[in-house]
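Grab your viewer and a pencil. Here are a few short exercises to work through.

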Amino acid sequence: MSFPEGFLWGAATAAHQVEGGNVNSDFWALENQPGSMFVEPSGDACDHYRLYRQDIALLSVLGLNAYRFSIEWARVEPAPGRYSQSALAHYAEVLRACRDQGITPMVTLHHFSNPRWLTELGGWENEDTPDRFAAYCGTVMREIGPMIPYACTINEANIGEIIRRLIGSGEGRDLHREAVVGLADDRAKMGAGTEATPARQRPPRGIFLFTFSDEGLDIIRRAHAQARDAIRQASPATKVGITLALQDVQAQPGGENAADEIWAGQFTDFLPAMEGDDFIGVQNYSRVVVGPSGEIAAADTGGELTQMGYEFYPQALEAVLRRAAAAGLPLFVTENGIATGDDTRRTEFIRQALGGVERAVVDGTDVRGYFYWSALDNFEWMLGYRPTFGLVAVDRATQRRTIKDSARFLGGIAGRNALA
Ligand code: BGC
C-alpha cells in the first residue's frame with residue numbers, strides 16, 4: 001500500500017469513556033441521576049486511568065505507532081482556577097508510557113465531558129468559557145506540552161450542529177445544562193433542609209453536550225481559536241487542530257440544496273475558526289443521503305446497519321477526506337470505526353475504509369494518519385457499554401483485555417507500511 005512516510009497508524013479513546021471514576025464531570029452527574037437517560041453509568045469504565053501502561057503496550061505489540069487519547073478537564077481543574085498537580089502528573093506518565101513504547105501521542109483537550117462546575121455556569125453558552133478553556137489548555141501545555149506533538153482542542157466541535165439537525169433545535173437547547181444545574185439545585189436544597197424535587201419526577205433530561213444555539217456555536221469556535229493561541233504560546237512545537245464529525249453528505253436529485261446546507265453546517269462554517277491551524281481531524285462513521293423531501297433514514301437505505309443504527313458504509317471516509325482537503329490543511333483521520341458484535345465486519349470495514357484513504361492519498365490528498373475508533377470496547381455515552389467499537393474487548397468484571405482479529409488486521413497493515 002502507498003502511505004506516506006511517517007504516517008500515523010493508531011487507535012483512539014476518550015478519557016470519560018475509558019478511564020473510570022470521572023466523578024467531577026457533568027456526565028458523571030447525569031449518568032447517576034435517577035431516571036437518567038443513560039442506560040447505565042460509566043462507573044469504572046475500562047479502568048484505563050490505572051491500566052494505561054498495559055493498554056499502550058498492547059497498541060505497540062499490535063504494530064501501531066500512535067495513540068489518540070484525551071486529557072480530562074474535570075480532573076485537571078476540578079474547581080474553577082484550582083489545578084490538580086496529581087492529575088497533570090498522571091497525564092505526564094501516560095505520555096512517558098507512549099514514548100517508552102515508541103507510540104506517538106495525539107492529545108485531545110476536550111472530548112465531550114466538562115467539569116461539572118463549567119456546566120453549572122452555563123457551559124458552552126457562557127461567554128467566559130473560551131477564556132476558561134484557553135487558560136486550562138495553557139496550563140496543561142506549560143506542564144506537559146513538550147511531550148505532546150499533536151493537540152486537538154475540541155473533539156467534534158460541530159456535534160451540536162449535527163444533533164440539532166437530528167432532533168430539531170428548540171427542545172434540545174440547554175437540556176444538558178439544565179439537568180446538571182437541576183442536580184446542583186437539589187443538592188443546595190437538601191443542604192438547606194428544604195425538600196428537593198426528586199429528579200425522577202422531572203422529565204428525563206440530559207442530552208449529549210454542548211450547545212444547540214447559534215451563539216453557542218460561535219462560543220465554541222472562539223474557544224478553539226483562543227485555545228490554539230494559548231497552546232502555541234506555551235508549547236510552540238506542538239501542532240494544533242480541531243476535530244470535526246463529517247458525514248459523507250450525498251444528494252439525490254432534488255436534494256442538492258439541502259445537502260449543501262448540511263455540509264456547510266458541519267464543515268464550511270468552521271473554516272474561519274480553523275484559519276491558522278496545523279491540521280484538521282476528520283471523524284467519519286457513515287453517510288447521509290438527502291432526497292427531495294429531506295434526509296433518508298439509514299434504515300431506509302436498504303444497507304446493512306451497525307449496532308448504532310448507522311449504515312455500514314466505509315466508502316464514506318474517502319469522500320469526506322477529498323472534500324475536507326478543500327481547506328488546504330493536512331488531514332488526520334482522528335476517528336473512523338464501526339460498532340458491531342461481528343468482528344469480521346469490523347475487519348471488512350477497516351479494509352474498505354483504508355482502501356479509500358489510500359486512493360485519496362495516491363491522488364494527492366494530504367492525509368497523515370489514521371486512528372481507528374476505538375482501541376477498546378468502551379462507554380458509548382448514553383448507550384452505555386452495549387455498542388462495541390473496540391479493536392480490543394474488555395471484560396469489565398475482570399478488566400481482562402482480549403485482542404480481536406480486526407486489531408491484528410489493522411496492526412498488520414500498519415506494521416508493513418510503517419516499515420516501508
Ligand atoms: C465520538 C466518540 C464516540 C464515537 C462513536 C464520536 O462521535 O467522538 O466519543 O464514542 O463517535 O459514537
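The exercises below deal with one helix and some salt bridges in this predicted model.

**Exercise 1.** Work out whether helix 3 is straight or bent.

*Solution.* Start with the ends: helix 3 covers residues 48-62, which makes 15 residues. A straight helix would reach 21 Å, at 1.5 Å a residue. Here the end C-alpha atoms are only 18 Å apart, so the span falls short, given that the expected value is 1.5 Å times one less than the number of residues. Now look along the helix: there's a bend of about 35° at Q54. Just past the helix sits G63, with a positive phi near 110°.

**Exercise 2.** Find the salt-bridge partner of D55 and say where it lies in the chain.

*Solution.* D55 is among the buried residues of helix 3. Its partner is R401, with the closest N and O atoms 2.9 Å apart. R401 belongs to strand 13 (residues 400-403), so to speak a long way along the chain: the two are 346 residues apart. R401 is buried, and D55 is too.

**Exercise 3.** Which parts of the chain does the E335 and R68 pair tie together?

*Solution.* First the contact: these side chains form a salt bridge at 3.0 Å, N to O. Next, placement: E335 is in strand 10 and R68 in strand 2, so the bridge joins parts 267 residues apart in sequence. Finally, burial: E335 has 4% relative accessibility, so it counts as buried. R68 is buried as well, at 0%.

Conventions: Residues numbered from 1 in each chain as written. Predicted model: local features only at pLDDT ≥ 70, side-chain atom pairs only at ≥ 80, totals over all residues. Heavy atoms only, no water. Helix = DSSP H or I, 4+ residues; strand = E, 2+ residues; numbered from the N terminus. Bend = angle between axes of the 7 residues up to and from the residue. Buried < 20%, exposed > 50% of the residue type's maximum accessible area, 1.4 Å probe, protein only. Salt bridge = Lys/Arg side-chain N within 4 Å of Asp/Glu carboxyl O.
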